[in-house]
Amino acid sequence: MNDRPAAGVRVDEARLTSLVEQLGRVGAQSSGGIIRPLYSPPWREAQDMVATMMSDAGLSVREDAVGNVFGRLAGDTAGPVLLTGSHIDTVVHGGAYDGALGVLSAIVALEACAAAGGTPRRTVEVVSLCEEESSRFHANYFGTRSILGLVAENEPELLVDPDGVTLAEAARSVGLDPARFSDARRDDIDTFLELHIEQGRTLVDAAIDVGVVDVITGFMWLEVVVDGRTDHAGATAMTNRQDALQAAARMITAVEGVALAEGHPAVATTGVVRVHPGGANIVPGRVEFTIDVRHPELDVLDQMVAAMREQCAAVATDRGVQVDLQVVKKTPPHTLDAGLRAVLQQAADTCGLTWRELPSGAGHDSQTMGTHVKAAMLFVPSVDGRSHSPAEYSTPHDCAQGASVLATAVRLLAWA
Ligand code: GLV
Ligand code: MN
Ligand code: MN
Ligand code: MN
């Protein structure tokens with residue numbers, strides 16, 4: 001942080017903070033954190049709230065067929081749209097900033113740009129994307145993919161949440177019509193800017209005001225099923241068991257070992273383990289577990305997954321169980337647009353703020369959007385690097401600085 005005199009477009013810090021607090025109450029749990037999965041009642045409430053915020057900011061509001069909400073500031077020439085925003089769905093017991101800050105910063109940024117005077121040369125829109133986290137369905141950037149026309153026709157019927165509800169049924173429950181989903185496709189956007197919290201500790205540790213992302217990590221999700229044999233926990237000798245959980249435990253350790261052997265920035269996480277049938281006095285017969293594996297180089301990512309496959313198979317042979325490992329999601333790494341990154345850097349300089357280029361270990365809508373339009377990302381410091389946790393926090397000062405850089409960049413791109 002610094003106190004140099006600054007130019008650029010400045011957002012109202014108190015207003016941004018108040019919007020973050022308002023949206024942060026939607027889906028808030030008394031046990032801590034926010035639960036706002038795609039097409040749930042709090043999701044509906046959040047998108048309606050965001051629509052009102054956009055309208056209060058003087059934007060013309062529209063919700064598309066999949067529930068992405070757009071706020072538009074029309075330019076005085078025809079031509080492609082500059083889009084800025086992020087997502088409002090959350091992980092289970094997530095925080096108030098992941099995704100939401102990018103949406104709310106974009107709203108106050110456009111408001112500040114408009115207040116600075118003149119009509120934009122080109123049309124600018126804010127988007128509140130309906131889905132990014134895959135926390136309810138393996139929907140994998142459903143909002144962005146819908147805009148880009150990348151959703152398969154049968155996907156809404158095939159994707160099922162843990163309660164057996166299809167994505168199509170969930171959509172109907174919040175007033176959307178899956179038969180019209182393909183209407184969400186647009187081909188009039190050429191630029192996407194996304195502000196997001198860093199979710200790591202590079203910026204706070206270095207006391208840098210904002211980050212400009214160079215590359216977003218590639219990642220894969222694997223689902224592993226281990227089949228052993230249920231037996232009596234008292235009457236079955238230790239030498240006569242096919243304990244699926246003991247095998248899974250060794251596989252999970254091996255998975256961590258693959259990431260450790262590869263070294264930073266390789267990461268691997270098991271976040272879900274289901275033990276069946278789940279009795280204290282039953283030797284587990286089946287275990288399902290997840291693997292989230294990430295690396296910014298696609299070749300290395302593929303090699304890590306191959307090594308995990310091999311090591312899980314070796315454990316299965318050793319322990320006399322069966323293992324099945326399926327890749328359920330694969331998002332390649334993405335390098336963000338060099339020209340737009342330069343604009344974000346120029347905007348930070350104009351605002352008198354310090355910036356650094358850095359990679360993103362988290363996945364983002366920009367990574368998919370960036371396969372079809374120019375995309376760039378701005379990071380705001382995360383206190384203690386915490387995210388995907390109720391402890392997620394970024395200071396009002398840092399959030400407003402980031403939103404001011406976004407506003408200044410939008411002004412440079414759309415008003416100049
Ligand atoms: C998205 O939040 C991710 O898991 O990186
Ligand atoms: Mn400062
Ligand atoms: Mn997230
Ligand atoms: Mn996010």
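**Entry 1: burial and overall form**

I started with burial: of the 416 residues of the protein, 49% count as buried. A reminder to myself that this is a predicted model.

Next I looked up the secondary structure and found 12 helices and 16 strands in the protein. I then checked the radius of gyration, which is 23 Å, close to the 22 Å from the globule rule for 416 residues, so the protein is as compact as a globular protein of that length. I also noted the extents of the C-alpha trace, which spans about 80 × 45 × 40 Å along the principal axes.

Then I turned to contacts between residues at least 6 apart in sequence: 78% of these join residues at least 24 apart.

**Entry 2: helix 10 and helix 12**

How do helix 10 and helix 12 cross? I picked out helix 10 at residues 338-350 and helix 12 at residues 396-414; their axes come within 8 Å and cross at roughly 120°. I put helix 10 down as oblique to helix 12, because the angle lies outside the 65 to 115 degrees that count as roughly perpendicular and is not over 145. The crossing of helix 10 past helix 12 is right-handed.

Which residues meet there? On the helix 10 side I listed Val343, Leu344, Gln346, Ala347, Ala348 and Thr350. Their partners in helix 12 are Val405, Thr408, Ala409, Leu412 and Leu413. I sorted the residues of this contact by character and got eight nonpolar, three polar and no charged. Among the polar ones I marked Gln346 of helix 10 and Thr408 of helix 12.

Methods: Residues are numbered from 1 along each chain as its sequence is written. Chains are lettered from A and ligands numbered from 1 in the order in which they are written. This is a predicted model: local features need pLDDT of at least 70, side-chain atom pairs count only at pLDDT 80 or more; totals for chains, interfaces and linings use all residues. Helices (H or I, at least four residues) and strands (E, at least two) are DSSP runs, numbered from the N terminus. The radius of gyration is taken over C-alpha atoms; the globule rule is 2.2 Å times the number of residues to the power 0.38. A residue is buried if 20 or more other C-beta atoms lie within 10 Å of its own, exposed if 12 or fewer, and partly exposed in between; C-beta atoms are placed from the backbone. Two residues are in contact if their C-beta atoms, placed from the backbone, lie within 7 Å. Axes are lines fitted to C-alpha atoms, for helices over the stretch in contact, and angles run from 0 to 180 degrees between N-to-C directions. Angles under 35 degrees count as roughly parallel, over 145 as roughly antiparallel, 65 to 115 as roughly perpendicular and the rest as oblique. A crossing is left-handed if the near helix is turned anticlockwise from the far one by less than a right angle, and right-handed if clockwise.
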